[in-house]
Amino acid sequence: MRETSAGGLVIAGIDGPKDGQVAALIGRTDRRGRMLWSLPKGHIEQGETAEQTAIREVAEETGIRGSVLAALGSIDYWFVTEGRRVHKTVHHYLMRSLGGELSDDDVEVTEVAWVPLGELPTRLAYADERRLAEVAGDLIDKLHSGGPESLPPLPPSAPRRRPQTHSSTHRTPGRRTGRGPQQ
C-alpha cells in the first residue's frame with residue numbers, strides 16, 4: 001500500500017534577518033507522554049496538487065496561511081498497520097507566512113509553536129526533518145541574496161486523480177526508515 005502526503009516549513013519574517021525568523025511547528029504527544037515536534041503535513045486529497053495540500057495542511061494544523069516558495073525535498077518511510085506494509089512519501093515545501101493566528105484546534109495536534117530557525121536542529125524530533133530545515137536555511141540564503149527568481153523551480157505536481165486509502169494509525173516514533181530528502 002502507498003500513501004502520499006505533503007506539508008511545509010512555514011516561516012514568518014522570511015525576508016528579514018535570520019535571527020528574527022520563526023517557523024510554525026506542531027507537537028504531538030507520543031505513547032510515552034513525550035512531546036514530539038515536527039513539520040505540519042497531511043494526505044494529498046483527490047483533486048489536490050502536493051503544493052495545495054501543503055498550504056491546506058499548514059493552515060489546518062497551525063492556523064497559519066502560507067504560500068509555497070520552493071521544494072525542500074521528500075521523506076520516504078515504511079510502516080505496518082492493520083497487517084499491511086505501507087510505503088509513505090511526504091513532499092515538503094519552504095513556505096512564506098501570509099498571516100493567520102497560531103492555533104492547535106486540529107484534533108491531531110497537541111500544541112503549536114513559533115520556533116526560531118536556530119532552534120530547529122534541537123526541537124525537531126526526526127532527523128529527516130532536521131535535514132530539511134538545513135535545506136531551508138540554504139534556500140533562505142539564496143532568497144536573500146538573489147530574490148525569489150534565484151530559488152529552484154518547483155517540480156511538476158499533478159492533481160491526485162483517485163482517492164487514497166489512508167491508514168488508521170500514525171507512524172510509530174523510533175520506527176522510521178526514511179532516507180532523508182531526495183532531490
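A residue counts as buried when its relative accessible area is under 20%, and as exposed when that area is over 50%. The exercises below apply this cut-off and others to a predicted model.

**Exercise 1. Decide whether Lys88 is buried or exposed, and describe its surroundings.**

Step 1. Place the residue. Lys88 is found in strand β6.

Step 2. Apply the cut-off. The relative accessible area of Lys88 is 11%. Buried means under 20%, so Lys88 is buried.

Step 3. List the contacts. Setting aside residues up to four places away in sequence, Lys88 touches Glu3, Ser5, His43, Ile75, Asp76, Tyr77 and Phe79.

Step 4. Look for a polar partner. The side chain of Lys88 makes a polar contact of 3.4 Å with the side chain of Ser5.

**Exercise 2. Work out the overall make-up of the chain.**

Step 1. Count the elements. The chain has seven strands and three helices.

Step 2. Put them in order. From the N terminus, they run β-β-β-β-α-β-β-β-α-α.

Step 3. Check burial. The chain has 183 residues, and 47% of them count as buried.

Step 4. Check the reach of the contacts. Take contacts between residues at least 6 apart in sequence: 74% of these join residues at least 24 apart.

**Exercise 3. Describe how β5 and β6 are joined.**

Step 1. Find the direction. β5 and β6 pair in the antiparallel sense, over 16 bridges.

Step 2. Locate one bridge. Ile64 has Gly100 in β6 as its bridge partner.

Step 3. Inspect the connection. The two strands form a hairpin with two residues between them. Glu82 sits in this loop between β5 and β6.

Step 4. Examine the backbone of Glu82. Its phi is positive, about 50°, although Glu82 is not a glycine. Most residues other than glycine have a negative phi.

Step 5. Test the accessibility of Glu82. The value is 55%. Exposed means over 50%, so Glu82 counts as exposed.

Step 6. Turn to β5 as a whole. Of its 18 residues, 13 are buried, so β5 is largely enclosed by the rest of the structure.

**Exercise 4. Follow β6 through His87, Val90 and Arg96, and name their partners.**

Step 1. Start with His87. This residue lies in β6, which covers residues 84-100. His87 has a relative accessible area of 11%, so it is buried.

Step 2. Compare sequence and space. His87 and Met1 are 86 residues apart in sequence, yet their C-alpha atoms are 6.3 Å apart. Beyond four places in sequence, His87 touches Met1, Arg2, Glu3, Asp76, Tyr77 and Trp78. The side chains of His87 and Arg2 share a polar contact of 2.8 Å.

Step 3. Move to Val90, also placed in strand β6. Val90 has 2% relative accessibility, so it counts as buried. Its C-alpha atom is 7.3 Å from that of Gly7, with their positions 83 residues apart along the chain. Among the residues Val90 touches are Ser5, Ala6, Lys41 and Gly73.

Step 4. Finish with Arg96, again in β6. The side chains of Arg96 and Asp15 are joined by a polar contact of 2.4 Å. Other contacts of Arg96 include Val10, Ile14, Arg65 and Leu143.

**Exercise 5. Find which residues and elements build the largest nonpolar core.**

Step 1. Recall the general trend. In soluble globular proteins, nonpolar side chains tend to be buried together.

Step 2. Size the core. The largest nonpolar core has 28 residues; those with the most contacts inside it are Leu9, Ile11, Ile14, Leu25, Leu72, Leu94 and Leu120.

Step 3. Trace the elements. Two or more residues each come from β1 (2-12), β2 (22-29), β5 (64-81), β6, β7 (111-116) and α3 (127-146).

Step 4. Zoom in on Leu9. Beyond its neighbours within four places in sequence, its contacts include Ala23, Leu39, Leu72, Leu94 and Ala136.

Step 5. Note the second core. This separate set has eleven residues, including Ala6, Ala24, Ile64 and Tyr93.

**Exercise 6. Describe the second largest pocket and its lining.**

Step 1. State the volume. The second largest pocket holds about 400 Å³ of space.

Step 2. Go to the centre. The lining has 22 residues; the closest to the centre are Ala71, Ser74, His91, Tyr93 and Pro155.

Step 3. Assign the elements. β5, β6 and α3 each give two or more residues to the lining. The largest share, four residues, comes from β5.

Key:
Residues numbered from 1 in each chain as written. Predicted model: local features only at pLDDT ≥ 70, side-chain atom pairs only at ≥ 80, totals over all residues. Heavy atoms only, no water. Buried < 20%, exposed > 50% of the residue type's maximum accessible area, 1.4 Å probe, protein only. Contact = heavy atoms within 4.5 Å. Polar contact = N/O pair within 3.5 Å; in protein donor to acceptor, adjacent residues only side chain to side chain. Core = buried A, V, L, I, M, F, W, Y, C linked by side-chain atoms within 4.5 Å. Pairing = 2+ DSSP bridges. 1 Å grid on protein atoms, 1.4 Å probe; cavity = no way out; pocket = protein on both sides within 12 Å on 5 of 7 lines; lining within 4 Å. Points joined across faces, edges and corners; volume = space filled by probe spheres on them.
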